[in-house]
Each structure stands twice: as structure tokens, then as C-alpha cells.
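Please keep the sequence and the structure open side by side while reading. This report goes through one model, section by section.

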Amino acid sequence: MDSKIKYSLISAVFLILSGCAAVTESGYYWGGYSETYYDYIKNPSEQTLNRHVEELYKIVDYSQKKNLKVPPGIFAELGFIKAKLGAEQESIAFYRQESALYPESQPFIERLIADSKKGTL
């Protein structure tokens with residue numbers, strides 16, 4: 001086999017496998033969630049929060065583009081962050097997306113929505 005073809009095939013296999021590695025065995029894409037969440041918890045600031053929120057949006061975007069289910073808790077976390085920032089309607093929209101995707105979360109989500117409306121988050 002020609003070395004250029006062999007190199008191309010090896011490169012193609014590597015690219016395909018590296019793309020698959022980003023999706024867990026359960027079929028969820030978590031992106032850099034762990035890193036940005038840890039960074040925010042370890043060094044809470046507007047900058048680390050913004051990076052984490054950006055990562056959450058990337059996870060949603062990537063999951064939707066690849067026809068994957070958005071991982072559990074991602075929409076709820078976005079809703080919680082938005083509620084803490086005073087964006088009630090936006091937070092409720094994220095909570096509703098979480099509840100629609102994961103119906104078992106509905107009792108918890110309804111409580112978050114009620115707290116969000118009361119301003120007790």
C-alpha cells in the first residue's frame with residue numbers, strides 16, 4: 001500500500017475516533033463541562049462564570065447539531081444561573097426545556113420555577 005494512502009487512512013481513522021471520544025458511552029456530549037465548572041467553583045468570578053455559561057451553550061449547540069440528547073441538568077443549570085442573574089423569563093424557559101427533555105425532573109423543576117418567580121433563588 002502506498003505510504004501516502006496509508007497515512008491518509010490512519011489520519012482519517014484517528015479523526016473519526018477522536019470525534020467519537022467526545023461523546024460518552026451513554027451518548028451524551030459533556031465538552032469541557034468538568035473543567036469550566038471546577039474552575040468556577042475553585043475561583044468564583046464573573047469571568048469564570050461566563051466561561052462556564054459559554055461551555056454550557058456549546059454543549060447544547062453541539063448536542064443539537066449532532067442529534068444527541070442534551071445531557072441531564074444542563075438546561076436546569078442554565079436556568080438556575082439566569083435566575084440568579086435576575087433573568088426570570090429566560091430561566092423559566094431553560095427550566096421548561098429541562099423538564100420536557102427529562103420528565104422525571106418535573107417536580108424539582110416546578111419548585112425551581114416557583115422559587116424563581118418568588119425571587120428566592
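## The α5–α6 contact

Glu88, Ser91, Ile92, Tyr95, Arg96, Glu98 and Ser99 of α5 meet a set of residues in α6: Gln106, Ile109, Glu110, Leu112, Ile113, Ser116 and Lys117. Sorted by character, the residues of this contact are 5 nonpolar, 4 polar and 5 charged. The model is predicted.

Helix α5 covers residues 88–101, and helix α6 covers residues 106–118. Their axes come within 9 Å and cross at roughly 175°. Angles over 145 degrees count as roughly antiparallel, and α5 and α6 are therefore roughly antiparallel to each other.

## The chain as a whole

The protein chain has 6 helices and 0 strands. Read from the N terminus, the order of elements is α-α-α-α-α-α. The chain has 121 residues, and 31% of them count as buried.

The exposed surface of the protein chain comes to about 8,100 Å². Carbon and sulfur atoms supply 58% of that area. Take the contacts between residues at least 6 apart in sequence: 47% of them join residues at least 24 apart.

## Two nonpolar cores

The largest nonpolar core has 13 residues. Leu56, Val60, Ile74 and Leu78 have the most contacts inside it. Two elements, α3 and α4 (74–84), give two or more residues each to this core. Helix α3 supplies the largest share, 5 residues.

Valine 60 shows some of this packing. Beyond its neighbours within four places in sequence, valine 60 is in contact with Val70, Ile74, Phe75 and Leu78. There is also a second, separate core. This second core has 7 residues, including Ala76, Ala83, Ile92 and Leu112.

## Helix α4

How many of the 11 residues of α4 are buried? The number is 9, and α4 is mostly covered. The buried residues of α4 are Ile74, Phe75, Ala76, Glu77, Leu78, Gly79, Ile81, Lys82 and Ala83. Glu77 and Lys82 are thus on the buried list of α4 along with Ile74 and Phe75. The buried residues of this helix pack against α2 (33–42), α3, α5 and α6.

Alanine 83 lies in helix α4. Its relative accessibility is 15%. Buried means under 20%, so alanine 83 counts as buried. Setting aside neighbours within four places in sequence, alanine 83 is in contact with Ser91, Tyr95, Ser116 and Leu121. Alanine 83 and threonine 120 are 37 residues apart in sequence, with 9.4 Å between their C-alpha atoms.

## Histidine 52 and phenylalanine 94

Is histidine 52 buried or exposed? Histidine 52 is buried, because its relative accessible area is 1%. Histidine 52 sits in helix α3 (residues 46–65). Not counting neighbours within four places in sequence, histidine 52 is in contact with Tyr33, Thr36, Tyr37, Glu77 and Ile81. Of these partners, Glu77 and Ile81 are buried residues of α4.

Phenylalanine 94 lies in helix α5. With a relative accessible area of 9%, phenylalanine 94 is buried too. Which residues does phenylalanine 94 touch, not counting residues up to four places away in sequence? They are Tyr57, Phe75, Leu78, Gly79 and Lys82. Phenylalanine 94 and isoleucine 113 are 19 residues apart in sequence and 10.0 Å apart in space, C-alpha to C-alpha.

## Positive phi values

Two backbone positions deserve a look. Most residues other than glycine have a negative phi. Asparagine 67 has a positive phi, near 55°, and is a residue other than glycine. Asparagine 67 lies in the loop between α3 and α4. Is asparagine 67 buried or exposed? With a relative accessible area of 72%, asparagine 67 is exposed.

The other position is a glycine. Glycine 86 comes just after α4 and takes a positive phi of about 90°.

Definitions and conventions. Residues numbered from 1 in each chain as written. Predicted model: local features only at pLDDT ≥ 70, side-chain atom pairs only at ≥ 80, totals over all residues. Heavy atoms only, no water. Helix = DSSP H or I, 4+ residues; strand = E, 2+ residues; numbered from the N terminus. Buried < 20%, exposed > 50% of the residue type's maximum accessible area, 1.4 Å probe, protein only. Contact = heavy atoms within 4.5 Å. Axes fitted to C-alpha atoms, helices over the stretch in contact; angles between N-to-C directions. Parallel < 35°, antiparallel > 145°, perpendicular 65-115°, else oblique. Nonpolar A, V, L, I, M, F, W, Y, C, P; charged D, E, K, R; others polar. Core = buried A, V, L, I, M, F, W, Y, C linked by side-chain atoms within 4.5 Å. Areas by Shrake-Rupley, 256 points an atom, 1.4 Å probe, with all protein chains shown as cover.
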